[in-house]
Amino acid sequence: MAENSKSLLLPVVAAAVFAGLGRMVLQKVKADRFARENRVAGPMDEKTRQWISEVVRTPRQ
């Protein structure tokens, strides 16, 4: 009688996916910490805020 062979493909793929997601989370945390420490996104004046709002709402032609 033949033995049941279990595929290692699913656990390997699952481990790769979890490792990739963990890496993405760590990169996001590091980027947020860097941005917070270096004030990359500083306070904006009202004119800049209105310009960004207008550009985002207006469709490109």
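This briefing covers the fold, the surface and the charge pairing of one protein chain. The model is predicted. Its secondary structure comes to two helices and zero strands. Of the 61 residues in the chain, 0% count as buried.

**Overall surface**
- The protein chain exposes about 6,600 Å².
- Carbon and sulfur atoms supply 62% of that exposed area.

**Nonpolar patch**
- Six residues, Leu9, Val13, Val17, Phe18, Leu21 and Met24, make a nonpolar patch on the surface.
- The area of this patch is about 630 Å².
- One of the patch residues, Leu9, lies in helix α1, which covers residues 9–38.
- Leu9 has a relative accessible area of 59%, and it counts as exposed because that value is over 50%.

**Salt bridge**
- A search of the whole structure finds one salt bridge.
- Lys28 and Asp32 form a salt bridge, and their closest N and O atoms are 3.1 Å apart.
- That distance qualifies because the cut-off for such a pair of atoms is within 4 Å.
- Both residues belong to helix α1, and because they are four residues apart there, about one helical turn separates Lys28 from Asp32.
- Asp32 has a relative accessible area of 36%, so it is classed as partly exposed, a label for values between the buried limit of under 20% and the exposed limit of over 50%.

Terms used:
Residues numbered from 1 in each chain as written. Predicted model: local features only at pLDDT ≥ 70, side-chain atom pairs only at ≥ 80, totals over all residues. Heavy atoms only, no water. Patch = residues over 30% accessible without salt bridge, like charges linked within 9 Å, V, L, I, M, F, W, Y side chains within 5 Å. Areas by Shrake-Rupley, 256 points an atom, 1.4 Å probe, with all protein chains shown as cover. Salt bridge = Lys/Arg side-chain N within 4 Å of Asp/Glu carboxyl O. Buried < 20%, exposed > 50% of the residue type's maximum accessible area, 1.4 Å probe, protein only.
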